[in-house]
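Me: I am new to this structure and would like a close look at a single part of it. Please take one strand of the sheet, explain how its residues are placed, and then work outwards to what lies around it.

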Amino acid sequence: MKETRIICFANNKGGSGKSTTCANVGYGLAQLGKKVLLIDGDMQLNLSLSYFPEEQVLEYGRGEKNLYYAVKNQRGLEAYIVPTSYENIDMIPSSTLMSSIEYELFTKWQREFILKQVLGGVAASGIYDCILIDSPPTLGGWVMNVLCASDALIIPVEATPWGLFGLGNMFEFLEEVKPIAPGLKLMGIAITKVDTRKSYFKQTLETLKELQDVHVFDSYIRVDSSVEWSQDNNVPIMAYKKSSRSAKEYEALTKEIAACL
Ligand SMILES: Nc1ncnc2c1ncn2[C@@H]1O[C@H](COP(=O)(O)OP(=O)(O)O)[C@@H](O)[C@H]1O
Ligand SMILES: [Mg+2]
């Protein structure tokens, strides 16, 4: 039986590359022979849209095959898994109803652990090597659920001054969550959307390397319009254009992540 590792992608800064990184690292891990389950935890549906066309995603959201109903009804996630076009990758799609998930959680007993509870059966079944969870750009009760359900956290960070500023809030939030998620490890920071023409990138790297006890992945992801084209086609970059710079960079980042599993 497989030991399932649960990895979440979180950062309260929007646009930092969480969904893109989750989608593409998921694909990369499957390429390395891992069986992967992707969970879209954000009402923006971006992880779902990385694998399914818009009509399909909206249909999942309108129906009951989505994370919102699993959490609301506190039912095991087994019933909400849908296959993707790729053999080793399954998904639990999101719904725009996730916008009210904090409200749904509010009246529940032990509300920080609802995702952990509904995920328990799938994780214990040993079907998947990795479960990857994408999260919204917030730091509230729902993201607390995501962190409490995970073994490891990857923080995608954009190489900008505000990207670094947001990281401070993220670290404070992690300190708050630590007592109720003692098993959660910060696997590392993944730098995304790098424009090497900008001198601020060097400053970002230096600032991040100075952080104590925080691993920064060597592989970073540069800005590449192929990423946007792949998203426009609802296909991960490595499947859309394997020869692209970002496909190679995501492949390298995935290998680093796989070495930490
Ligand atoms: N390497 C990249 N090159 C170009 N655009 C990117 C890259 N990574 C992400 N993007 C774009 O940046 C935006 C934010 O990325 P996203 O993954 O949605 O961030 P988050 O999930 O943190 O909000 C999206 O429009 C996405 O298409
Ligand atoms: Mg996102």
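Reply: Strand S4 is covered on both of its faces, with Ile 89 and Met 91 buried on one side and Asp 90 and Ile 92 buried on the other. In a regular strand the side chains alternate between the two faces of the sheet. The model in which this is seen is a predicted one, and the description that follows keeps to that model.

On one flank, S4 is joined to S3 by two bridges, and these two strands run antiparallel. Within this pairing Val 82 is the residue that stands opposite Met 91 of S4, and Met 91 is among the buried residues of the strand. The connection between S3 and S4 is a hairpin, made through five residues. On the other flank, S4 pairs with S2 in the parallel sense, over four bridges, and here Ile 39 stands opposite Ile 92 in S4. Strands of a sheet pair through backbone hydrogen bonds, either parallel or antiparallel.

These pairings belong to an open sheet of seven strands with mixed pairing, whose order is S3-S4-S2-S5-S1-S6-S7. Its edges are formed by strand S3 (82-83) and strand S7 (185-192), each of which pairs on one side only.

Further along the sheet, S1 (residues 5-9) pairs in the parallel sense with S5 (residues 130-134) over five bridges, while S1 and S6 are also parallel and pair over three bridges. Phe 9 can be followed through both pairings, since Phe 9 stands opposite Asp 134 in S5 and also stands opposite Ile 154 in S6. S6 is in turn joined to S7 by seven bridges, again in the parallel sense, and Ile 155 stands opposite Ile 189 in S7. Six of the seven residues of S6 are buried, and S6 is therefore largely enclosed by the rest of the structure.

Helix H1 (residues 18-31) lies across several strands, namely S1, strand S2 (36-40), strand S4 (89-92), S5, strand S6 (152-158) and S7, and it runs at about 165° to S5. The strand with which this account began is thus one of those that H1 lies across. H1 also has a part in the surroundings of ligand 1, where H1 and helix H10 (225-232) each supply at least two residues of the shell. In total 18 residues surround ligand 1, and the closest are Ser 16, Lys 18, Ser 19, Thr 20 and Val 227. By character, the residues of this shell divide into four nonpolar, 10 polar and four charged.

A wider view of the buried interior comes from the largest nonpolar core, which has 73 residues, and in which Val 36, Leu 38, Leu 132, Val 146 and Leu 147 are those with the most contacts. The largest share of this core, seven residues, comes from helix H7 (residues 141-149). H7 is itself mostly covered, with eight of its nine residues buried, and these are Trp 142, Val 143, Met 144, Asn 145, Val 146, Leu 147, Cys 148 and Ala 149. The buried residues of H7 pack against S1, S5 and S6, and also against helix H5 (101-106), helix H6 (114-125) and helix H8 (161-177). Val 146 gives a single example: leaving aside its neighbours within four places in sequence, Val 146 is in contact with Cys 8, Ala 10, Gly 41, Leu 115, Ile 133 and Ser 135.

Two loop residues complete the picture. Most residues other than glycine have a negative phi, and most peptide bonds are trans. Leu 45, in the loop between S2 and helix H2 (46-49), has a phi near 65°, a positive value in a residue other than glycine. Gln 110, in the loop between H5 and H6, likewise has a positive phi, near 55°. Their surroundings can be set out in turn: Leu 45 is buried, because 23 other C-beta atoms lie within 10 Å, whereas Gln 110 counts as exposed, because it has 10 C-beta neighbours inside 10 Å.

Technical notes:
Residues numbered from 1 in each chain as written. Chains lettered and ligands numbered in written order. Predicted model: local features only at pLDDT ≥ 70, side-chain atom pairs only at ≥ 80, totals over all residues. Pairing = 2+ DSSP bridges. Contact = placed C-beta atoms within 7 Å. Axes fitted to C-alpha atoms, helices over the stretch in contact; angles between N-to-C directions. Core = buried A, V, L, I, M, F, W, Y, C linked by C-beta atoms within 7 Å. Buried ≥ 20, exposed ≤ 12 C-beta atoms within 10 Å, placed from the backbone. Near = placed C-beta within 6 Å. Nonpolar A, V, L, I, M, F, W, Y, C, P; charged D, E, K, R; others polar.
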